[in-house]
Amino acid sequence: GCLSAVLSATLETGDEILLPDPLWPNVEMASRLFGATPVKYGLTFERGFLPDLAEIEAAITARTKVLYICSPSNPTGRVVPPKMMDAL
């Protein structure tokens, strides 16, 4: 479907994709299918299942091609607030 089309158009072997954890597992599997390396960033209960911008920034490398944001999150249901989405 749509997810596979987008990932196949943007990812190449050796690229990195930043993925939230937890996340619906098909996203990680699809990124691996296209040769990318998943790099996870945490969505912890203590932070209300919201991403930590500093953690994401620290995970970015020269090989990072995609920052995957799922809002509302699957499986937590958390919606990223507009100001945080702008920062991301």
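Helices (H or I, at least four residues) and strands (E, at least two) are taken here as DSSP runs and numbered from the N terminus. Welcome to a set of views of a predicted model.

**View 1. The whole protein chain, with its 4 helices and 3 strands.** Follow the sequence from its start and you meet the pattern α-β-α-β-α-β-α. The radius of gyration is 13 Å, close to the 12 Å that the globule rule gives for 88 residues, so the protein chain is as compact as a globular protein of that length. Along the principal axes, the C-alpha atoms fill a box of roughly 35 × 30 × 20 Å. Of the contacts between residues at least 6 apart in sequence, 48% join residues at least 24 apart.

**View 2. The surface and the charges of the protein chain.** About 5,300 Å² of the protein chain is accessible surface, and carbon and sulfur atoms account for 59% of this area. Buried residues make up 30% of the 88 in the protein chain. As for charge, there are 7 positive and 10 negative side chains, and 3 Å separates the centres of the two sets.

**View 3. The cis peptide bond between Asp21 and Pro22.** Most peptide bonds are trans, which makes a cis bond worth a look. Here omega is about 15 degrees. Pro22 belongs to the loop between β1 (16–21) and α2 (25–33), and Leu23 is found in the loop between β1 and α2 too. Leu23 has a relative accessible area of 16%, and because buried means under 20%, Leu23 counts as buried. Beyond its neighbours within four places in sequence, Leu23 is in contact with Tyr68, Cys70, Asn74 and Pro75. From Leu23 to Val80 the separation is 57 residues in sequence and 14 Å in space, C-alpha to C-alpha.

**View 4. The cis peptide bond from Ser71 to Pro72.** Omega is near 5 degrees for this bond. Pro72 sits in the loop between β3 (64–67) and α4 (82–87).

**View 5. An edge-to-face pair made by Phe45 and Phe49.** A pair of aromatic rings is described by the distance of the centres and the angle of the planes. The count of aromatic pairs comes to 1. In the pair of Phe45 and Phe49, the centres lie 6.0 Å from each other and the planes make an angle of 70 degrees. Are these two rings buried or exposed? Phe45 counts as exposed, with a relative accessibility of 63%, while Phe49 counts as partly exposed at 28%. Phe49 also deserves a glance at its backbone: phi is near 60 degrees, a positive value in a residue other than glycine. Most residues other than glycine have a negative phi. Phe49 is placed in the loop between β2 (37–42) and α3 (53–59).

**View 6. Phe34 in the loop between α2 and β2.** Which residues does Phe34 contact, leaving aside its neighbours within four places in sequence? The partners are Ser4, Leu7, Ser8, Leu11, Glu12 and Thr13. Phe34 has a relative accessibility of 23%; because this value falls between the 20% limit for buried and the 50% limit for exposed, Phe34 counts as partly exposed. For a sense of scale, look across to Glu55: 21 residues along the chain from Phe34, with 25 Å between the two C-alpha atoms.

How values were computed. Residues numbered from 1 in each chain as written. Predicted model: local features only at pLDDT ≥ 70, side-chain atom pairs only at ≥ 80, totals over all residues. Heavy atoms only, no water. Rg over C-alpha atoms; globule rule 2.2 N^0.38 Å. Buried < 20%, exposed > 50% of the residue type's maximum accessible area, 1.4 Å probe, protein only. Contact = heavy atoms within 4.5 Å. Areas by Shrake-Rupley, 256 points an atom, 1.4 Å probe, with all protein chains shown as cover. Lys, Arg positive; Asp, Glu negative; His and termini not counted. Charge placed at Lys NZ, Arg CZ, Asp CG, Glu CD. Phe/Tyr/Trp six-rings, centres within 6.5 Å; stacked < 30°, edge-to-face > 60°.
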